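Hi everyone, thanks for coming. Let me put the sequence and the model up on the screen, and then I'll walk you through one small region.

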Amino acid sequence: MSKVKYYYDPDTLSYRKIEPKKSKKYRNLFLFLSGSALFGFLGLIILLNTSWLNTPRELSLEREVQNYELQFEIIDKKMEQMEQVLANIEDRDNNIYRLYFEANPIPEEQRRAGFGGVNRYKSLDGFNNSEIIINATQRLDIIQKQMVIQSKSLDEIAKLAEEKEKLLASIPAIQPVRNEDLTRMASGYGWRSDPFTKARKMHWGMDFTAPRGVPIYATGDGKVKRADNRSSGYGKHIRIDHGYGYMTLYAHLSKYNVSVGQKVKRGDLIGFVGNTGRSEAPHLHYEVFKDEERINPINFYYGSLTAEEFENMLKFANQENQSLD
């Protein structure tokens, strides 16, 4: 209730009530309303811009959002590292591993292929950061697909490597008689004089002259296909099937050290030099077959001869002399 003010009237010798002017009333009302509006506006600004006015739950949610943003930055950096490492592996896979094993490189579009068709990420729409979330999910899906493709590729490379190792071990790559056991390398592959008819004929292998009983070694991994004397002219002989189209023949042996069906490794002792069959003197007649065709054995001694030894052998093998069988 507002206070009523009075003044003393000496004419009437009494107190009279002071009546306020209307203009002053309006001015006071305007000042009150203006002040109220100003203080209300300032209060709203302070409320919106000061965190200390937030509730504990709001502060907790704000910290949680900040933590999510930090975790996303960490995940983004990790994805970049994964992409770099994966790109390096893919480069080596295409340009080293698959090239070495003569396998076709995996096309870039196959490695980088996305996911077309139905919108896989529709459920991620409608959020404040939907674009960022969808982009990150797509990158993870592509990385996962690249890893699956690369894993299958490395499995294929591992099989090719294993097969290549078997191939390298199977190819006849050493001399069947050691150099220290040789008397001489008598005759090579090519046209030679027959020791019995003296006619010029094709000599399909190489003759290694050595004393009777000198060890003979398998020139590559394989399986003994024959060990008998039922082939005309060869006498006691051994045939080893090395796989991959390769077969070797060892003729004029004195005795065997293997049996038919036996698996042998390169360097295993398989028999001994002799003079059986159509032979003029103790020696080993050695032949190499590829896809059932006879080929020159001189090209298969890289596993046991030095460059100088190979050069000397090549010189003797090319001499058109008389063979021993």
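Let me start with a term: a polar contact is a pair of N or O atoms within 3.5 Å, where, within protein, one must be able to donate a hydrogen and the other to accept it, and residues adjacent in sequence count only if both atoms are side-chain atoms. This is a predicted model, with local features needing pLDDT of at least 70 and side-chain atom pairs counting only at pLDDT 80 or more, while totals for chains, interfaces and linings use all residues. Residues are numbered from 1 along each chain as its sequence is written, and side-chain values use heavy atoms, leaving out hydrogens and water.

On confidence, pLDDT is the predictor's score for each residue, from 0 to 100. The chain averages 79, and strand 7 (residues 215–217) has the highest mean of its elements, 97. Strands here are DSSP runs (E, at least two residues), numbered from the N terminus.

Now to T219, in the loop between strand 7 and strand 8 (222–228). Is T219 buried or exposed? It counts as buried because its relative accessibility is 0%, and the cut-off for buried is under 20% (1.4 Å probe, protein chains only). The side chains of T219 and Y250 share a polar contact of 3.2 Å. Leaving aside residues up to four places away in sequence, T219 also touches others, including P172, H242 and R266; contact means heavy atoms within 4.5 Å.

Finally, the sheet: 3 strands in the order 7-13-11 make it up, open and antiparallel. Strands pair if DSSP finds at least two bridges between them; strand 7 and strand 13 (residues 269–273) have 3. Within that pairing, P215 sits opposite F272.

Technical notes:
Helices (H or I, at least four residues) and strands (E, at least two) are DSSP runs, numbered from the N terminus. Buried means under 20% relative accessible area, exposed over 50%, partly exposed in between (1.4 Å probe, protein chains only).
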